[in-house]
Structure formats: C-alpha cells, structure tokens
Amino acid sequence: MKIVLPQHVQHIIYTLNSAGYGAYAVGGCVRDSLRGKIPADWDIATAAPPDIILTLFPKTIPTGLPHGTVTVLMDGIAYEVTTLRVDGVYEDHRRPEQVTFTDDITEDLSRRDFTMNAMAYHPDLGLIDPFGGRQDIEQKLIRCVGDPLLRFDEDALRMMRAVRFAAQTGFTIHQDILGAIERCASLITAVSAERIRDELMKILLSPRPEQVELLHETGLLVFIMPELDRCFFVEQNTRYHCYDVGHHIMVVLHHVPNSPVLRLAALLHDVGKPDRKTTDTEGVDHFRGHEISSAALADVILTRLRVDNNTKTKVIHLIRFHDRRMEETKVSVRRSVAAVGTEQFLDLLSLMRADTKGHHPEHIDNNLRHYDKLEDLYHEIIADDDALKIADLAINGHDVLDLGYQGKKIGTILNYVLEFVLEHPEQNEKSLLLMVVQNNFLK
C-alpha cells in the first residue's frame, strides 16, 4: 500500500538520506494512514545522530537530545525527528535508564508497544512491518510487540494505552494482553498522575468512552480510581434501575456528548452512591443525598489526577445538580437556571438525558420528553430576557443602601428580591422592587 507523505515529511526524509542516513516516517502516522485516517502529526526516525540532525535543517529545537529527539520546524509546523535507538533497562516501569543509538530500523521498532505502532514507511522502500502490524490492523486486533509482560514492565502506562487504543479504534485487545494486564495491574501505581490523567481523558474523549469498563475488568481501575471501581459491585434494586452502579455509569458515558466536562461528570456523577446506599424493609434500595457525596468524591479524584481547576469546578457543579427535580413550569426552570447558572444549564440537561438512558427502559421515553420540555421552557425564558441572577435585577446594592439598609442585610434583601422576580418576572421594575423591599424588611 502506498502512503502519501506530506511534502515536508518527504523533504526531511530525503535530506537525511542525502546526508547518508536512513530515515522513515514511523509509528502512529503510519498506523493512521493504513487505517485511512489523517494523521494528527508525523514523526520521523533516522539513523542520523542528534548533532547531525541539528546541522541539516535551518530551524530546529533540541527537544530531547539524551533520547535522540530533535524538533524540526518547517513553515511553522513541528516535526519530531528521533535517532533510531535501543532502550536500556527500565528500573521504574516508566522510562529507560539509558538509550543506545542504532542504525537498524527493525531494532528501533522492536522496542515499541503494539504491532500497529511498530511500522515504518519510506517513500521509495515502502512499508517496513517486521511484526505484522498491517495484518493486525486488517484484523482489528491490538497485539504487543513481543512479550506483553515485558512491554508492561518497561512502561506500565502501556496497559492503559491498550485500553485507549481499543476505545479509539474499536479494535479487540488480544487475550495475551488482557492476561498480562491482570498480572501487572499494580505496576500502574509507578506512573505519574499526569500521565494517567492524559490517557484517561483520551479514553473518555474517544468514540467509545464506556471502554473504561476494561480498566475495571483487567484490575487497573482499582489502582487508578478505587472509588469508581467499587461501583461495579453495588446493585441498585429500584424500579428505576436495571444496572449496578458501575454499569449504569458506563451507559451514561456512552450517551453523554463528547466534551471533557460532560464526560468527566458522567464518569463521576454516581461515584458516591456506595456511601449512601440503604435498603428499606421491602428490599428496595435508596441513595438519598448521593449527589452531594459524589460531588465531594469527584473533588478528591480530580484533584488527585491534577485536573485543571476550571474543569474540576464545572464537573463538580454538574454532579451536585444532576439529580435536581424540575417541574415543567417556567417558575421551576427559572429557579433551576438561577441555581445552576445559564452557562451550564444546557450541559446539565445533556447529563440528565444521558443519565436517564442508563435507567430502566420503561422510564426512558417519558423522562426524555420531560427534559425536552424543560429545554423548550429554558429557551423561552432566555428569549424573554427574564432575570436569572442578582445582576439582572432592576435594583442593585446601591439602591438598597439608599433606602437605609446596611451590611449583610443588603445581600439578604437582594437574594429575597431575586426569589420574588424568579416567580414574578414581569415585576422586575425598579419602583416595584423598591416597594417590595420596603414592605418586607424592617430597617
């Protein structure tokens, strides 16, 4: 199969060839090209040592010289050019202690994780595929280069990468890999929180985020997120549910829109249920207040994974309100929008819709119609420009101060007036609201 290389990539390869060094497009760009996908970036491997690479191109960055990597800039686009290498001993299950440069492309490919990532391509020589990566792609199979136990002992994050590639491609993970992950799962504790977070987000933002379940099935999840792992062992004996908590979460993940905030909110929205489970005398389970426990645990988990504060705040906010009950009235919707905020209300409805798709089938259609009605009311409220926060009121703190009220009472009064206007939006006029204040508060 012929792969059409970008002009810049061909120029880099032929420049290195002209200087007497082998050079190839390698890794993910070759994999994606064989799958008919447009590569996100192009990496080049070469027999040229880093100091030579630096001299052959006018604009370079010495990105990782100890590991042989130089970034070549062409028309503002960055291309990683890395010297062919053989990795030394891995002492910490994360990275080799040292690397040795080589001029053998097969040696370089032999150190890579999966066969579909262990291919190279040269515009004249064609595909170089010593480990059967092309065949595995055709069979939609994820298979390690060599012994999976050795690959995972070298870099424990490769276990999560296997799940990530399954989520992104829909390929099947070879049974040898699954068995090796079960044996090596505890090694993931040697990997930094940032690397784990990045792989987890790639799974969550893939077309198959519910493949998080594979992390549970292989024993990885208990080391990554034990709070979520335990959810797969918590049954929900209620008329609204047909799944245990963990599998309910997987269904919600499958149906929620693809955004970091919504996918994380779906992942963690019920993570507090195990702590709130009670069973009544008739054997019916209840999870009262689970949204509060889930929000608190989400804070702990997202902090541990070093998720940025803006994302974390939005996720926790959605979780806190995901079980909110709303009536199909403008008053109820206005109160909910005021509580949740206009910037996240539609995301909340998206989460609620996905949540209901994880419930018992007999309740889904009615609930979805309910959320559609709530959204219609929301759009009418926005179109009417109804007041939804204190800043939207026809009076402000200075107006209340002018009436003779002081201190904390001003905030109390404005909150009271907002509640009044949420119920009576047509009365959001300065004279009327000042009268409301004077009639309901003593100075």
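Me: Which residues of helix α14 are buried?
Reply: This is a predicted model: local features need pLDDT of at least 70, side-chain atom pairs count only at pLDDT 80 or more, and totals for chains, interfaces and linings use all residues. Numbering starts from 1 along each chain as its sequence is written, and side-chain values use heavy atoms, with hydrogens and water left out. In α14 the buried ones (under 20% relative accessible area; exposed is over 50%, partly exposed in between; 1.4 Å probe, protein chains only) are V261, L262, R263, L264, A265, A266, L267 and L268.

Me: Why is α14 said to be largely enclosed by the rest of the structure?
Reply: Helices here are DSSP runs of H or I with at least four residues, strands are E runs of at least two, and both are numbered from the N terminus. This helix covers residues 260–268, and it counts as largely enclosed because of its buried share: eight of the nine residues.

Me: How many residues of α7 are buried?
Reply: α7 runs over residues 157–169 and reaches 18 Å from its first C-alpha to its last, close to the 18 Å expected (1.5 Å times one less than its number of residues). Its buried set includes R158 and R164 alongside M159, M160 and F165. Out of 13 residues, the buried count is eleven.

Me: Which residue just after α7 takes a positive phi?
Reply: α7 ends at residue 169, and T169 is itself one of its buried residues. Just after the helix, phi turns positive at about 80°, and the residue is G170.

Me: In which loop is D75, a residue other than glycine with positive phi, found?
Reply: Most residues other than glycine have a negative phi. D75 has phi near 55°, and it counts as exposed because its relative accessible area is 72%. Its loop is the one between β4 (69–74) and β5 (77–83).

Me: What is the phi of D385?
Reply: D385 is in the loop between α20 (361–383) and α21 (397–402). It is exposed because its relative accessibility is 66%. Its phi is positive, in a residue other than glycine, and the value is near 60°.

Me: Is H317 buried or exposed?
Reply: H317 belongs to helix α17 (residues 309–321). Leaving aside residues up to four places away in sequence, it touches A339, V340 and Q344, a contact being heavy atoms within 4.5 Å. Its relative accessibility is 18%, so H317 counts as buried.

Me: Which residues does R304 touch, not counting those up to four places away in sequence?
Reply: R304 lies in α16 (residues 290–304) and is partly exposed because its relative accessibility is 32%. N258 is 46 residues away in sequence and 23 Å away in space, C-alpha to C-alpha. The residues R304 touches are A193, I224, M225, P226 and E227.

Me: What radius of gyration does the protein chain have?
Reply: The chain holds 23 helices and 13 strands, and its C-alpha trace spans about 90 × 60 × 40 Å along the principal axes. A compact globule of 443 residues would come in near 22 Å, going by C-alpha atoms and the rule of 2.2 Å times the number of residues to the power 0.38. The chain itself has 28 Å.

Me: What share of contacts between residues at least 6 apart joins residues at least 24 apart?
Reply: Of the 443 residues, 51% count as buried. For the contacts in question, the share joining residues at least 24 apart in sequence is 64%.
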